[in-house]
Structure formats: C-alpha cells, structure tokens
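Here is a short, friendly tour to read alongside the sequence and the coordinates. Keep the viewer open and follow along.

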Amino acid sequence: MTGLRRQPLSWKLFAYGVIAFFFVVTIVPLLWIIIGSLKTNNELMRSPFTLPEQWMFSNYKKAYLVAQLDQLFVNSVIVSSLSVLLCLLIASMAAYAVSQGGRLAQFVYTVMISGIFLPVNSLMVPYFLISANLGLLNTRWALITTYTAVGFPLSLLLVYGFVRAVPKEILESAHIDGAGFVYTYGRIILPLIRSGLATVAVFQFLLCWNEFLYALLLTSDHEIRTLQVGISLFKSQFNADFAAMFAAIVMSIIPMAVLFVLLQRHVIQGLTQGAVKG
Amino acid sequence: MRSFRHKTSILLFLLPAVVIFIVYYLYPVGFLVYTSFMKWDSITPMEYVGWANYRRLAEDGVFHLALRNTLLWGLAGVFLHIPMAMLVAMILSRKIAGWKWFRSIFFMPNLISTLALAMLWQFIYNGEFGLLNEVLRLVGLESWQRNWLGNLDTAFPALIAHWIFYIGYYMVIFMAHISTIDPSLYESSQIDGAGIFQQERHITLPLMKPAVAVAVLLVLTDTLKNFEAPFLLTNGGPANQTMVMSLHIYNRMVSYQYGYADTLALMLVAIGAFMVIAVRMLFREKEERGG
Amino acid sequence: MKPTGKKRVIAFFTLVLALALFLQACSGSSGNGKPGGEDAGTATAGGNQKAVELTFATHWVGEDGKAGIVQKIVDDFNAKYGENARVVIDAIPDDDVYQDKMKTNLATGSLPDIFTFYYNPVESLRYYSSGKLLDLVPYMNEEWKRNTNPDTLAAGQYEGQTLAVPLDQMITPFFYNKELFEQAGISSFPETWDGMIEAAEALKSRGIHALAMGTGENAWSAMLLYSYIVSSIGGPDVMKKGLDDPAYAEAAQILKNLFNYAPNDAVGATYQQYASHFINERAAIIVNGPWMISEFPEELRGKIGVGTSPAAPGGKGKQGALISGIGWMMAAKKQDDPLRAEYSARFIEFFTHPDNAKQIFLESGEVFESTNYTVDESEVDPISREILGKLREAGQTYDYFEGMTSSAVKIEFPASLSALVLDQLTPEKFAENLRNANMQ
C-alpha cells in the first residue's frame, strides 16, 4: 500500500478522527474498570471519574480468593486445549480423506460444511440430553466433545483449503515411493499444512475460551467450572462489593490480554491466512 | 487390493467426522422436529399434541419480540458493524502512524470474555451511578441521562451498542484481505490523479467483495446465537424489549416446556438457513452484474 | 519407512488419548455424569471397607451467611462418620443458577446425592412424582422422629413416603433504616399502604429513595412486596386459590405506584444493584429475609428496624402480618447402593438435628422449622430477635408469590412487572399475563 507520502490533510483528519473514536470507545471502559477496581465500593458509586483516594489493592486479594480464579483458568485451559487437539485431529483426517475421495466424499464434505451456519444455540435441548445420556454431564468432557462438534465444520472448511493446496506432485511421488495412506497423512500432509492447523487452532481456542451457554448448561461443579461461567457468578459472589467484582473482572481478562500481546503476530497471522484461504 | 485398502482408509479417516456430524447435527435437528409436536416437561413422558406448539408461535408475543430483535441485531451487524470494520480496516491498511498498535488494541475486546465486557457495560449503563450518565453530566447534557437498560426505547439500542463498536475481529479479516491487493494498482491510480477516497472507492471496495460476503454470513450466524449479553445485561427486559431467540428458548427450557422450546429452536434454525440462502443469492447476483 | 510412519501416527494418537485420560482421572469430576450415579467416587479406604463419598450440592458457600456453619456441619459429619461416609460440598454460589441446575439435573436423572430445593406446591410435586428421590421413612429412627415437628414434615410427604425434609422457615420482613426515617421525620413504620406512600414522599423530598427493589433477574424483593400487597387485600389464603382473585390486579396498581419511589436504575436492576442501594443507605426500605443480615456492615446494623405488613383499606389482611412459610427443603437422590442411601439419609438427619439447627439459627438468623429446639433469646442478634418478636405478634402469616406459582410464572413476573412500571400494561393485563403463564 502507498505510504505516508503526500497524504492530504483532509484525509489525515478524517482517518485520525475515526480511529480516535474507536480508540476512546475501546479504551475508556477498560480504563474505568481498572481504576474502579482500586477504589472502595462507596467511592466507586460516588465519583466514577476520579482517581482513587486510597489505592485498594486489597480488592484484588479478596477478588482472587472469592472468585477462585486459578481453578477457573485451569479448567478453561484444559477444555480449550483438548478441544483444539481433538478438532485438529478429526478435521485434518476428514479433510485428507475427502481430498483423496471421489464424488461421494465431496458430497459428504459439502453436507458437513453446511453445519457452519447452524445456530448451535438452538440445539440446547438435544445437546443437553446427548451429554446426559453419554454420562458426561458435569465433566469436562461434556464441554470438550460439544465444543469440538460445534467448531468442527468451520475447522474442516479451513483445513480442507490448506490440504488441497498441497501440490499433487508431492503426493504422487510419495505414492510412487510406496507410502501408504496413513503414512502420507502423518508425515507429509500434516507438516505441510502446519500453518493451516495453526489457524484452526486459533479459531477453535477462541470459540472454546469464550463459550458460555453450554458451559452453563452442561457443568455446575465448581471444580469443573470454566472461566466464563465463573465470571457470570461474580455478581452473586460479590454481593454488594462492586469494586472487588471489578477487580475480579480485570483479573479474568488479563491473562488473555497478556497472551495476546505476546503472541499477536501469530494470532493475527493465523486469522489472516485463514481468511485468505477460506 | 490397493484400491480397496485405499477406500477403507478413506472411510476410516472420515468416520470420526461423520459420527460427530450425525450425533451433533443430524440427530439434534431431527430431535427438534420430533419434539416440536410434543408437550414435554422432560420428567414425565412426552405427549403428542400435533400442531399446538406451532399455533402457539402465532400467539406468542414474546416470540415475536425475540424474532424481531434477533433479526434487527443481524441487520445491525450487516449494515453497521461490518461497514465500520471495513472503514477502520481500510484506514489502518494505509499504514497511518501506529497502525499496528491500533490493530492490536481494536482486536483486544473480541478476545477477552464477552461476559466480562457485558458486565462492564452493565455498570456503564447503570441509571444511578453509571459511567455514561456521569459523562453526560460532565459535558452538560444532563437531560440526556436515563436508565439506559431499563428504558423501553433505549434498552435494545444500548444492548447492541455495547457490542457494535468492537469491530476488531472483522477488521483483521478485512485487513488481511486488503493486504493481498496489488500495491501497483494504487500507485498507478495515484499517478492518474486519484485521491485517497477515490482510490478506496474504486479499487479497495470492489476487491473486498468476497471477504465482505464471508463476513456478512459470519456476522449473521453469529448474531443469531447471541445469548450472553441479553442474559446478563437485561434478562430480556424491560418488558421483553431485549428478548432474543436464544434466551427465549432457554427460558422455556427452565420452565419445563421442552416441546415448545424445541419448536422455537426449529424456528431459529429455519431463520439461519433462510439468511444463508438470502445472502448467497444476493452476492451471487452482485458478482454476475460484474460488481 | 512405512512401519515407522504408521507407528508414529499411532504413537501420537495414543499420546493424546493418554493425556486426555490422565486429565480426566485427576479432573475430579464429582461423578454425577452417569444417570445412575452409582460409580460416583467411592474413596478407597483400603480393604473391603470403602468409605462412601456423597456430593452435597448447595449455594450456601462463599460469601453467603450460612457458608461457614454449613461447612462446619459437613466437617462434623465427616468426623463422626468418617470411616463409612464422606460428604463433599459442590459449590454453586448463585441462588437462581443453583435452582436451574437442580431442575435440569432432575430432568436428566443426574441429581446430586444430597441437594435442596425451594418448597413450592406446584414445582415440588415434580420432584416428588419423578420417583428419583430417596424415601426417608425407613431411615427415620426414634431419635429423628422425636426431634421433628410432624406438622411441617407434611410438606415433604407424598403417597406415604417422606421424600424431603423442610429446612428453614422463610420469614421476609421489611428491613428499614431507622436513621433515614428519622431524617425524613417518619416516626414509625407505616401501617397502611397510603401511609407508605406518605412516608415515601417524605423520604423523596430529602433525596432518599424509599424502596430498594428492581425488576432484574426474578425481581425478588419486588415480588415479596407484591406478595404483601396482594395478601393484605385478598387475605392470607388468597394465593392458595389460584390467580383469579381481583386482589392481584388491585395490588399491581399499588406496586406500580410504589415503584415511583425506587432508585433510578430500578427497572432492570439486579439484586446486587438494589441491595447495594440499601446497604449504602441511599434507599430506606428493603423486603428480604434474615440471610441478608450478614450482608449488613457494622455501621448499618444498629440502624435496622423490622417492619411488618401495612394494611389495605377494606382488605382482608391484617396490619402486622409477615410472610412466613417453608423455605428450603432438603432431599436425597434415590440410590441402589444401600450404604449410599443410608448415609445420605443420615446426613439429612444430621443437618436437621436440633443442635445443628440451633447453630445455623444463631449464626444466620434463619429459623429451622422442622426440628424442635429451644434458644435463649439473648444469644440471638438483635435484628433476628426483633423479627421473631414481630412474628409472634403477627396476627396472620402470608405466603410469597414465587413460592406458590410455577416456573413459567417466575419467569413471566419480572417481564410483566417492568412492562407495568413502564406503563405498557394495565394492572388487569398484568394479572392476566401471570394467569396465562400459570396455565402453560
């Protein structure tokens, strides 16, 4: 894209104006909650805009204990990670199979892809009963299997694009060398679609991490509870102490934010590639 | 022999995917259809009631509101959220100072918990001590203060507003797409005297069409699933003004009205299908017209 | 080449599987996965004797006033029966979420071993008739029978079985801030609804909101207030007779008027928000139960007065009445394993034992209805004492609306209430909506 040379003032004003607007809308609420979390509850309600009279770092200590954030994080990480692994495995296997298959396989592929547009929130009742009948209710596996199923069509779509991009010559020469189906999959295809797998991993991880409805429906035990469900319970756990609740909210956001700052190149790259291929 | 083994391998590799699809997609939709003809509280056996649930749809005022809101949210997504994302994407793609930082900052809200954001905005909108009212007071617009989430006219717009400006997700997708556009196109048009606004209109926009098509589909299906925000911020109120389909289904479920809940769910699936078909048709037309 | 390739893929699969199973093993899923629930963690204590592990799901955890005493009771039980049984608490801090969870658990037959539910003539029947609850009659020995009050036990009885035991007597008076009343020149708690409006006006002129309530969630406090108004008009038994009485519409009008004296965020306010207005002394009155006492900060406690129901002109309810009824019930899941069944029943017996009931009362102010115990009133905190005193003086006791109607009505109430307050519904239409919801 053209650089900054000779950009007219009207453009600059317009561009920065727009950016400033979105910046304010994004940053101000976050700033407000951080400052609010350091006030006393009374002060928070009286004067939302001032800096804290006393810096109540004790709010954070209380919030951490009451909210049991460590447990929440561990659960979300476990559920998300396992679901990502499962999803990558199943989607890549299916994508490879379809790419090797004939018209029937193509048809099956198209049907499965259509699942992307199914609003999964409408499947509350059946999903609940499926997990119940499989004996998975109130275990992490209820979420892992459900999330894998929910993210599967999109994952399949993305991975398939990458699989098809593998040059035919490589596959043919492997076949001539005597490579079998599974071998080709494991040692040739998988390494070549690494960036595609990374893309899917990003999408699927985000899906799992932020999911709320099914986490609410399918689990209850506080040992299994994911972060999102935990956050929704803050208002009951911090009965009238808003400041501590703000602290809990801030703490619940920080890890993702930090992780993102550290990995942003990869995350955005993943989304970018997925968008281009998809 | 080899061909047979090959075919078996294909089948085996497809198997897990197919099993998942049947269990989590085909069976549930079938289940929805089946139970939509039943009255069922999930404890006692199902009772066949024919078209009664469907007739109830016609009389159910809450369903009408939920339907209206769900559709409105989708429209807001398509006609407000996406254009804003496109705008910011186009601006940042021009690599103004600090564009990489802005890209990260704008993407951040889409990353962190939607619930946390919702809770945050509940406090911003609060009628007694919320941030928004406080800001209005400071700029002298005290008359504009109100109980945003408890007011019939402002509740739903406020609900949408807390989400609509966080355009990071689609912005990144658009920026990715724009980055694949050949820079020489811009250079040559600049030589021809085209200003920045003209360049964007005639080069960037048309080339973004495929990405926009995908984004439109994604945002539509995404807004259909809305649950967290209405659940937490307003619980569908006031007077069901912010009710959405997912929440209505959930409420029926905890009222032991599983049969009717599934009928509503089936309607949601139908809306989803309808939207996909509509968008597909619209965008195919545009392509044919050489847009 | 070929063998090693395949081996690597298989190795990878097995690694993932192993990792997953390993995590599952130490995931501590409290074994309510299978509908039967029989494999729910039996902690091995070596040899033939295995200590049975039971899950007690409750929302009396964390910041709740009873969290401390409940944990203590569980610990005492484990100490007493340790070799044979252990009870583990499954914490679900939100009251509403807890109730919804128990409902869905009932639907799928995945109830926890021991749990609680709100007594409600309509909803509780679902639990009883499901056949999934443990009949406690075989386990009620002489001592247990002696300690219980047979009248209240009736609420948990169904077709000759005793399927649940009532826990607390839910009393929900008006808590009011005496200091704020003084500032507004109000000398005593209003005795009529007109008097209530006058008092509210006086408070308003001083910039104080009269009533802390909201329409968010299940509009709990507003619902209790509504119960008072309805009963004061229609009499203490009005809610036992369905939703047709004109009292419901009349009461709606009064409730609507009272919302003019609620905080600005009342429409849509959650419990956390409106309770905080009362606690921060911006609102003078809140209708709630003794469990709230533990939320009052020290400075506030001395200012709390307990108010009783105002009377309605020509109404059948008496001034001074209080809402009082059966609150929570405790029940156990039906088990095939006789040991699990027995210790579940023992836990219920232990929890409702007079000594423990007395402890709960002293710590939280909640009266346990089903067991007989005596309390020296000087041990009780002043607010609870005043509540009990007012209860004794009360000529009548009222029911509370949510406790007498179905889940569908519980969901309809806040929606219709916000519509009523915002002039979208007439009081008659409000009552009609509730009636319709009840019939679904």
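Which residue in S16(C) is the bridge partner of Ile323(C)? The partner is Tyr398(C). Please keep in mind throughout that this is a predicted model.

**The sheet around S13(C)**

That bridge belongs to the pairing of strand S13 (residues 322-326) of chain C with S16(C), which is parallel and spans two bridges. Both strands are part of an open sheet of four, ordered S15-S8-S13-S16 in chain C, with mixed pairing. At its edges you will find strand S15 (367-368) and strand S16 (397-398) of chain C, each of which pairs on one side only. Now bring helix H15 (residues 382-393) of chain C into view: this helix lies across strand S8 (168-172), S13, S15 and S16 of chain C. Its direction makes an angle of about 95° with S13(C).

**The sheet around S11(C)**

Chain C also has an open sheet of four strands in the order S10-S11-S9-S12, again with mixed pairing. Here strand S10 (209-211) and strand S12 (304-307) of chain C are the edge strands, pairing on one side only. From one strand to the next, the twist averages 20°.

Strand S11 (residues 283-287) of chain C pairs with S10(C) in the parallel sense, over two bridges. With strand S9 (residues 174-177) of chain C, S11(C) pairs in the antiparallel sense, over three bridges. Here are some of the residue partners to pick out on screen.

| Residue | Partner in S11(C) |
|---|---|
| His209(C) | Ala283(C) |
| Leu211(C) | Ile285(C) |
| Phe174(C) | Val287(C) |

Is S11(C) largely enclosed or open to the outside? Five of the five residues of S11(C) are buried, so this strand is largely enclosed by the rest of the structure.

**A cavity in chain C**

Searching the whole structure turns up 10 cavities of 30 Å³ or more. The second largest has a volume of about 210 Å³. Its lining consists of 17 residues, and those closest to the centre are Gln99(C), Lys103(C), Tyr118(C), Asn120(C) and Glu123(C). Four elements of chain C each supply at least two lining residues: helix H3 (95-108), strand S4 (114-118), helix H4 (123-129) and helix H16 (407-421). Sorted by class, the lining of this second largest cavity holds five nonpolar, eight polar and four charged residues.

**Backbone details worth a look**

Most residues other than glycine have a negative phi, and most peptide bonds are trans. Against that background, a few places deserve a closer look.

In chain B, Lys95(B) has a positive phi of about 55° although it is not a glycine. You can find Lys95(B) in the loop between helix H3 (61-93) and helix H4 (99-111) of chain B. Its relative accessible area is 38%, so Lys95(B) is partly exposed.

Chain C offers another case: Asp423(C), also not a glycine, has a positive phi near 65°. This residue sits in the loop between H16 and helix H17 (427-438) of chain C. Is Asp423(C) buried or exposed? Asp423(C) counts as exposed because its relative accessibility is 57%, and exposed means over 50%.

Back in chain B, the peptide bond from Gly237(B) to Pro238(B) is cis, with omega near -10°. Pro238(B) is in the loop between helix H11 (228-234) and helix H12 (245-254) of chain B.

Methods: Residues numbered from 1 in each chain as written. Chains lettered and ligands numbered in written order. Predicted model: local features only at pLDDT ≥ 70, side-chain atom pairs only at ≥ 80, totals over all residues. Heavy atoms only, no water. 1 Å grid on protein atoms, 1.4 Å probe; cavity = no way out; pocket = protein on both sides within 12 Å on 5 of 7 lines; lining within 4 Å. Points joined across faces, edges and corners; volume = space filled by probe spheres on them. Nonpolar A, V, L, I, M, F, W, Y, C, P; charged D, E, K, R; others polar. Pairing = 2+ DSSP bridges. Contact = heavy atoms within 4.5 Å. Axes fitted to C-alpha atoms, helices over the stretch in contact; angles between N-to-C directions. Buried < 20%, exposed > 50% of the residue type's maximum accessible area, 1.4 Å probe, protein only.
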